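Here are some short exercises to work through with the model open beside you. Try each task before reading its solution.

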Amino acid sequence: MPLLRDIKGFFPPFWITLRNMFRKPVTVQYPEQKPELPERYRARLVLTRDPDGEERCVACHLCSGACPVDCISMQAAEADNGRRYAAWFRINFTRCIFCGLCTEACPTLAIQVTSDFELSGRDPLKLVYEKEDLLVDHCGKNVEYSFYRQTGIGVAAPRGGNPNESAPVDVKDLLP
Amino acid sequence: MTEQLIMLALILIKLVLVFAVVLSMAAYLVLAERKLLARMQLRYGPNRAGPGGMIQPLADVIKLLTKEDFIPATADRGLFLLAPGLSALTALLTFAVIPFGPTLELFGQKLPMVVCDLNIGLLYFLALSSLAGYGLALGGWASNSKYSLLGSIRGLSQLISYELAMGLSVVPVVMMAKSFSLTDIVMAQAQIPFALLNPPAFLIFLISIFAESKRTPFDLPEAENELVAGFHTEYSGMRFGLFFVGEYINMVILSSMLTVLFLGGWHGPWLPGIAWFMIKVLAICFLFIWVRGSLPRLRYDQLMNFGWKVLMPLALLNVLITGACLLGMG
């Protein structure tokens, strides 16, 4: 009997809406009431320093290559001691989607994610972070790691002077 | 002479009061609807403007007034400007015949609690409610947009499907009260409201006013998920506001009509008449909002079928049966 079924189906919605009216809303009143995010939620990016206090970033462009929304840009430069660095480094947080692919791409562990997610403002240009805004004074999650001490380039210490590194081979000792 | 002056002053005060109450009720009905709907969907609704969002209507009015009043290049200018006014005006005018309280004695004057007690009040209401269809039809036609046009076509086909049933459902009321005057109809319900005497007529009228107010489940002319916003798609700023206000005034008016025709108007124990009237009207307004939160929209053809094949025959049958009963009782 479709008519009977229709009449039966007419009333439950009213009961459900009436019941919902007396239940607590699920809305999180955001600025006053902070949402409970997962422990490992990561959002804003920072540029960390190595244990010696130098910038880790070597301006290799891998992060901007990995970025799916193209929000990272930089210009590479080289110091007198052979150390590469970013002349300027810019992340546009109006476009960043917090995917973390840049941190996976980074060979020097320079770019890292933090749990701060509250990036909002009326002026979008204020969300374009320059190198000064991104650089932090600590090593982030990799306290001991220093790229130049692992690669065998004689920048932080002369060649052969870094941990787990033997002295350079004298290529001419094989000659007769 | 002074008596006439006092009478004039009282009438003017009454008019201003009625206007103020109806308009502020319409404004706060918007807020009430948004809040109640939100609670039904486990949200809070507007709660930023003022304590608990209480000055949200004011903020809305300021927003609507300061927005650009855009007229599409291809629109029929005259009709486009006329339509929203027509929609709000017919809604406001209808309140003239609705009695909202028993006659009051002030300064030795008898002051009827109705703006104008027409002896054909019911016909006046039906006429204006049909006239309100013009606001909708002209608005949709003059916009020169396919969505608006579809909305107004739907609105008109809806109008002809429910209005016959609505007209026929009030015929038993007229037969029982033996008058077209709404004050007399309320007087005739002093003992028992017509909703209990004639439940089928009450139900048919209830369903018809849902269609008349163009709200869910009969909000076909607007149907925002099919037709953008239906007949008022092209309207912006306060012209849209007029359509909007008209819709909510209409809600108040239709609730008042249901109260007057079927729920005994201002009659009720203990409380003063006007309080009873307000309680009944607000209860029906809540029903409007509750239905909107609960039921989906009907399809175009379902409404036509329902109006012509179910409501109209039922209303006709009801007229015949009521007539026979009244004849039998003498």
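**Exercise 1. Confidence**

Find which element of chain B has the lowest mean pLDDT and which has the highest.

Solution. Keep in mind that this is a predicted model. Step one: average pLDDT over each element of chain B; strand β2 (residues 109–113) of chain B comes out lowest, with a mean of 72. Step two: look at the other end of the ranking, where α8(B) has the highest mean, 89. Step three: set these beside the chain as a whole, whose mean pLDDT is 85, with 99% of the residues of chain B at 70 or more. Step four: add the scores for the model, ipTM 0.76 and pTM 0.78.

**Exercise 2. A helix pair**

Describe how α8(B) and α12(B) pack, giving angle, distance and handedness.

Solution. Two packed helices are described by the angle between their axes and the distance between the axes. Step one: for helix α8 (residues 199–212) of chain B and helix α12 (residues 300–329) of chain B, the angle is about 145 degrees and the axes lie 10 Å apart. Step two: the crossing of α8(B) and α12(B) is left-handed. Step three: list who meets whom. From α8(B) come B:Pro200, B:Ala201, B:Ile204 and B:Ile207, and from α12(B) come B:Leu311, B:Leu314, B:Ala315 and B:Asn318. Step four: sort this contact by class, which gives seven nonpolar residues, one polar and no charged.

**Exercise 3. Helix length**

Compare the span of α4(B) with the one expected at 1.5 Å a residue.

Solution. Step one: count residues; helix α4 (residues 121–143) of chain B has 23. Step two: the expected span is 33 Å, and the model gives 34 Å from first C-alpha to last, so the two are close, given that the expectation is 1.5 Å times one less than the number of residues. Step three: check what follows α4(B), namely B:Asn144, with a positive phi near 60 degrees.

**Exercise 4. A sheet in chain A**

Work out the strand order of the open sheet in chain A and name its edge strands.

Solution. Step one: the three strands are ordered β2-β3-β5 (chain A), with antiparallel pairing. Step two: β2 (72–78) and β5 (128–129) of chain A each pair on one side only, which makes them the edges. Step three: β2(A) and β3(A) share seven bridges, including the one between A:Ile72 and A:Ile91 in β3(A). A:Glu78 stands opposite A:Arg84 in β3(A). Step four: the hairpin of β2(A) and β3(A) has five residues between the strands, and A:Gly82 takes a positive phi near 90 degrees there. Step five: two bridges join β3(A) to β5(A), and A:Asn92 has A:Val128 in β5(A) as its bridge partner.

**Exercise 5. Between the chains**

How many residues does each chain bring to the contact, and which element of chain B gives the most?

Solution. Step one: chain A and chain B bring nine residues each. Step two: on the side of chain B, α1 (2–40) and α11 (273–294) each supply at least two residues, and α11(B) gives the most, with three. Step three: by class, the side of chain B that touches chain A has five nonpolar, two polar and two charged residues.

Technical notes
Residues are numbered from 1 along each chain as its sequence is written. Chains are lettered from A and ligands numbered from 1 in the order in which they are written. This is a predicted model: local features need pLDDT of at least 70, side-chain atom pairs count only at pLDDT 80 or more; totals for chains, interfaces and linings use all residues. Two residues are in contact if their C-beta atoms, placed from the backbone, lie within 7 Å. Helices (H or I, at least four residues) and strands (E, at least two) are DSSP runs, numbered from the N terminus. Ala, Val, Leu, Ile, Met, Phe, Trp, Tyr, Cys and Pro count as nonpolar, Asp, Glu, Lys and Arg as charged, and the others, Gly among them, as polar. Two strands pair if DSSP finds at least two bridges between them. Axes are lines fitted to C-alpha atoms, for helices over the stretch in contact, and angles run from 0 to 180 degrees between N-to-C directions. A crossing is left-handed if the near helix is turned anticlockwise from the far one by less than a right angle, and right-handed if clockwise. pLDDT is the predictor's confidence in each residue, from 0 to 100.
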